[in-house]
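Reader: Could you walk me through how to read a helix and its surroundings in a model like this?

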Amino acid sequence: MIRGVSRVLLIEDDPAVREGLELALTRHGHRVRAVESGEQGLDRLRTDLPDVVVLDLMLPGMDGFEVCRRIRAVGEVPIIMLTARGDDMDVVAGLEAGADDYVVKPVQPRVLEARIGAVLRRIGRDQAELERHGDLTIDRAGLVVAKRGVPVSLAPTELRLLLELSGTPGRVHSRQQLLESVWEHGYFGDSRLVDACVQRLRAKIEDDSAAPVYVQTVRGFGYRFGPV
Amino acid sequence: MAPRPSLGLRARLLFAFALLCVVTAAAVAGGIYVQARNDILQRAQDAAVQAMRGRVEELFPLRTATPGPDELSDMAETVSDQSGLAIAFYNGVHATAGSQRPPGQNAPNLDPGVIPPPRPGRNPPVLDPGAIPLSLREKVAGGDIAWQRVVWQGEPYLVIGAPVVIVEQDEKTQVSGIEVYALHSLLAEKHSIDGLAVSAWLIGGAALAFAVVLALLATRGVLRPVRELGRAARLLGEGEMRTRIAVRGSDELADVARTFNNTAAELERHVKQLREMEADARRFVADVSHELRTPLAALAAVADVLDEEAARLPEPAGRAARLVSQETLNLTGLVNDLIEISRFDSGVAALALNEVDVAELVRATLRARGWSELVHTELPPAVTARLDPRRVDVILANLVGNALRHGEPPVSVRLCADPHWIALEVRDHGPGLDEAVLLHVFDRFYKASAARARSEGSGLGLAIARENARLHRGDLTVANAPDGGAMFTLRLPRWAHDPDGGPE
């Protein structure tokens with residue numbers, strides 16, 4: 001569990017919000033780099049190597065979705081979106097663009113802080129054996145997932161979701177349970193987070209995401225790993 | 001029901017038409033009938049009387065001034081016309097035409113040879129004195145020629161009586177005491193008149209039938225626009241503001257149609273205007289809420305900092321910082337609620353349905369807010385339902401929060417379920433709510449007491465709770481429990497319909 005110094009890249013165009021969040025996050029011990037546009041954010045991503053990106057979706061110039069996609073194209077840094085309440089379509093689009101989580105503005109810093117903590121939290125490395133599930137190998141110690149021997153690059157949330165599901169193959173996890181265990185959202189999180197993350201995970205590990213083998217949907221209940 | 005009044009109108013119109021037709025036909029046909037009948041009879045009568053006069057002339061010169069039965073019979077024979085029915089009286093003696101033998105005291109004669117025999121093989125009728133009305137005899141006895149219509153043996157006759165008058169040298173006339181009476185058959189006239197009556201009936205009937213058809217057509221012509229008007233008015237009432245009716249012609253019904261169309265157009269304009277104003281107002285609220293969000297986001301970001309630093313600030317500044325922090329939270333809640341309700345108003349609120357264990361959901365709501373110890377629950381296990389857990393959590397948190405804040409303990413939550421619905425009852429044991437309050441608790445910004453001008457919460461909580469329930473196609477209602485305390489009941493379908501598919 002990383003505690004204390006984490007590098008946060010904050011991309012927010014409104015100076016007051018930017019300054020307020022910077023102030024609050026810095027006060028909680030994060031090293032915050034605040035920029036006002038997507039282009040600057042992408043530049044900083046390369047030079048600063050942040051642990052997490054906090055991204056406003058409504059940006060002038062390059063919009064948040066595009067920024068999100070570009071960040072995903074170069075790496076698996078966790079992304080937390082800042083969205084406007086009531087813009088449901090934005091949430092869905094943002095999750096599809098690769099965001100790990102979202103918070104609704106106006107956001108209380110302690111909420112944002114908790115989400116940052118959740119996406120950065122690591123899984124304990126106590127289980128050392130290598131698991132094989134069909135073509136998939138999961139190294140719980142090294143946090144490496146490979147398919148037919150080729151490593152698969154997974155975002156932290158995707159990895160945690162896969163580890164959570166594959167820890168108990170064949171058992172059904174409800175969306176609520178997954179929100180609590182993977183996103184630490186508590187009981188009433190947005191189940192679309194789970195669905196969007198499952199879609200992204202399937203795109204990376206399944207041969208055919210329309211007919212998934214590893215992460216299967218149990219209609220009306222949730223998701224299940226295997227049986228392979 | 002629509003058909004009943006129009007049927008009634010139709011029946012009334014039909015009845016009026018028929019009545020009018022019958023009265024007119026009866027007046028016209030009846031008048032003509034009476035006139036024609038009188039004419040026919042008058043003419044027949046005049047001719048018969050004229051003929052009678054002529055035949056009476058033939059009696060002269062009299063063979064004797066004191067005729068016996070045979071002479072009387074001859075006289076009767078002379079005055080009879082083709083029916084052969086005649087009778088002569090003199091001095092209490094009478095004889096009928098064709099009677100050859102002297103009459104008895106009273107017996108009328110049978111005479112088979114009388115012309116014309118009405119029907120072969122049947123005895124012709126023989127006149128008897130009783131056939132002559134007494135009033136007629138009195139007139140004739142007075143020296144006048146007189147006539148009267150009678151029905152004798154079922155057939156109509158004209159009885160013409162004439163006194164035989166002797167004219168003396170000095171031009172004086174003197175009644176001889178001989179009276180002759182002849183019957184003239186009116187059968188032919190009766191047939192003519194009967195034919196007339198039949199014609200009158202036939203024409204009347206035809207006119208009536210024609211009138212009914214005409215009335216039907218007329219009522220259809222009147223009723224169709226009326227029905228159309230009724231239908232259009234109903235549509236208008238149902239909110240179909242574009243309803244208009246076709247204006248045909250320039251009669252009163254067309255006027256009504258025009259008036260209706262004008263009224264509908266006015267109404268449509270007004271409703272449109274009102275809707276626009278309402279939409280404007282709602283959009284304004286939504287826009288204001290959205291505009292407030294950005295500065296609030298900045299405020300909210302630093303409110304935490306301020307709050308945490310408050311303890312270290314010197315006193316007035318510290319209290320001010322806490323106040324700013326707290327009010328920023330409240331303002332955030334209000335703006336969030338306003339945005340939420342704007343979303344319901346604009347119809348963009350959507351369900352994120354999930355199959356959940358309802359008891360677990362209730363427990364999670366209570367646990368998340370630290371209410372588990374304060375609320376008594378009756379939650380049967382294994383009740384699952386497909387609903388939006390976040391929205392149900394919002395409803396429950398609002399209801400339980402209100403009960404804890406405004407009601408008296410114990411506050412209880414009870415879950416009931418049937419195969420199609422779940423019901424969650426949240427009740428407290430306080431005094432309950434006034435009737436007047438019960439009606440308005442779900443109104444936006446409704447405050448139960450004017451004194452409590454500003455309580456915790458935005459004043460939109462229950463309105464949002466109800467909108468959330470209705471989004472599930474359920475409902476949220478309130479009542480006072482019989483043994484005191486307010487009881488809110490949330491009813492939700494167990495398998496809520498998901499309009500946009502959503503997650504499976």
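Reader: What phi does A:Leu49 take just after helix 2 of chain A?

Author: Helices here are DSSP runs of H or I with at least four residues, strands are E runs of at least two, and both are numbered from the N terminus. Just past helix 2 of chain A, A:Leu49 has a positive phi of about 45°. This is a predicted model, so local features need pLDDT of at least 70 and side-chain atom pairs pLDDT 80 or more, while totals for chains, interfaces and linings use all residues. Residues count from 1 along each chain as its sequence is written, with chains lettered from A and ligands numbered from 1 in the order written.

Reader: Which residues of helix 2 of chain A are buried?

Author: Buried means 20 or more other C-beta atoms within 10 Å of a residue's own, exposed means 12 or fewer, and partly exposed is in between, with C-beta atoms placed from the backbone. In helix 2 (residues 38-48) of chain A, A:Gly38, A:Gly41 and A:Leu45 are buried. Seen down the axis, they fall within an arc of 50° (taken from the directions from the helix axis to the C-beta atoms), so they line one face of the helix. On the other side, A:Asp43, A:Arg46 and A:Thr47 are exposed.

Reader: And what covers the buried residues of helix 2 of chain A?

Author: Call two residues in contact if their C-beta atoms, placed from the backbone, lie within 7 Å. The cover includes strand 1 (7-11), strand 2 (31-35) and helix 3 (64-74) of chain A.

Reader: What is A:Leu55 in contact with?

Author: Beyond its neighbours within four places in sequence, A:Leu55 has contacts including A:Ile11, A:Gly64 and A:Val67.
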